[in-house]
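Here are a few friendly notes to read alongside the structure. Take them one at a time and look for each residue as you go.

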Amino acid sequence: MTATNKQVILKDYVSGFPKESNFDFKTNTVEFKVPGGSNSVLVKNLYLSCDPYMRIRMGKPDPSTAALAQAYAPGQPIFGYGVSRVIESGHPDYKKGDLLWGIVGWEEYSVITPMTYMHFKIQHTDVPLSYYAGLLGMPGMTAYAGFYEVCSPKKGETVYVSAASGAVGQLVGQFAKMMGCYVVGSAGTKEKVDLLKTKFGFDDAFNYKEEQDLSAALKRCFPKGIDIYFENVGGKMLDAVLLNMNPLGRIAVCGMISQYNLENQEGVHNLSNIIYKRIRIQGFVVLDFYDKYSKFLEFVLPCIKEGKITYVEDVADGLEKAPEALVGLFHGKNVGKQVVVIARE
């Protein structure tokens, strides 16, 4: 048995902001079988995750960048996190009908070789499957590891989250509130700022685009200073935060979306504050924490079922909408976690 397989292709390496015209579609045929004696698994992709780190993979390979940012190959399907159902399997741990999340191609069907901490079998199906592209997948694990493991939070501390309405930020803010912290977030539209305060329970929030002086905005929101900054933006925002950090403050560097599309990245000028305030700045990647995934599920699943966590998704319908959804991330068009649905079942 065979089926047609539509794929999202990167035409060529991207410089500057990505555009929908940087992508194309290709259709091939996939056989519903895997090579005999192999560990390969044929999966039907149900949901795809749009994530800012994917911009790094669109650029020409740079020997100076980390191997984690392996570039996409022009003319080939791009890849990222997705939620899939097993069609055929040669792998002892997966059988037909199983559900998994992990790295797959941006296509209707993918042939994968499941790898530890790259693919995870889905055991809990009493929550929306799309959550495994966000809340219960890589973004959720990123928020959990970055906040609890990297930030070492304490009850009563002040926490600032940039890009706070996105896939990771909305969760960091809620985790911080559950810890008894005072939490402020920033976002780029009135709608998103309202969402932070009314739906996610942030104590305060502001639209960074409406602030003439970011440092003054932070001083207004944190008159006693910032203990923890969850960094998703970089650039001028990081500069302003350094002026407002408290002694022994912690900054977890998750992303720097303001810099990904710049040919020459912005410098940071207030670095001397790191010395005098004894600030700890730590970059992290979620791959280093996947050994704690079962612990994360034990924590977060009851929170979902008890209504302690709210998660907002921005869903694009159909693979043909995937390039538009991905490009939209870099213009702030998404409200919440950007997901592409290919097939709901």
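1. Which residue forms a salt bridge with D126, and how far apart are the closest N and O atoms? The partner is K305, and those two atoms are 3.0 Å apart. Please keep in mind that this is a predicted model.

2. Now trace where the two partners sit. D126 belongs to the loop between β7 (119-121) and α2 (138-150), while K305 is in helix α8, which covers residues 293-305. The pair links distant parts of the chain, 179 residues apart. As for its surroundings, D126 is exposed, because its relative accessible area of 52% is over the 50% cut-off.

3. A second pair to find is K236 with E266, a salt bridge whose closest N and O atoms are 2.9 Å apart. K236 lies in helix α6 (residues 236-244) and E266 in the loop between β12 (245-253) and α7 (272-276), so this salt bridge ties together parts that are 30 residues apart in sequence. Are these two residues buried, partly exposed or exposed? K236 counts as exposed, at 56% relative accessibility, whereas E266 is partly exposed, with a relative accessible area of 34%.

4. Next, look at D291 and K292. They form a salt bridge too, with the closest N and O atoms 3.8 Å apart. That distance is accepted because the rule asks for a nitrogen within 4 Å of a carboxyl oxygen. D291 counts as partly exposed at 44% relative accessibility, and K292 is also partly exposed, at 24%.

5. Salt bridges can also join up. K95, D98 and K121 are linked in a network of them. How many salt bridges does the structure have by this rule? The count comes to 14.

6. Finally, turn to the cysteines. A disulfide is a covalent bond between the sulfur atoms of two cysteines. The structure holds 0 disulfides. Why is C151 in no disulfide? The nearest cysteine sulfur, that of C181, is 9.5 Å away, and a disulfide needs the two sulfur atoms within 2.5 Å, so C151 and C181 do not qualify as a pair. Seen from the other side, C181 is in no disulfide either, and its nearest cysteine sulfur is that of C151.

7. Where do these two cysteines sit, buried or exposed? C151 is buried, with a relative accessible area of 1%, and C181 counts as buried at 4%. Both get that label because their values are under 20%.

Note on methods: Residues are numbered from 1 along each chain as its sequence is written. This is a predicted model: local features need pLDDT of at least 70, side-chain atom pairs count only at pLDDT 80 or more; totals for chains, interfaces and linings use all residues. Side-chain values use heavy atoms; hydrogens and water are left out. Buried means under 20% relative accessible area, exposed over 50%, partly exposed in between (1.4 Å probe, protein chains only). A salt bridge is a side-chain nitrogen of Lys or Arg within 4 Å of a carboxyl oxygen of Asp or Glu. Helices (H or I, at least four residues) and strands (E, at least two) are DSSP runs, numbered from the N terminus.
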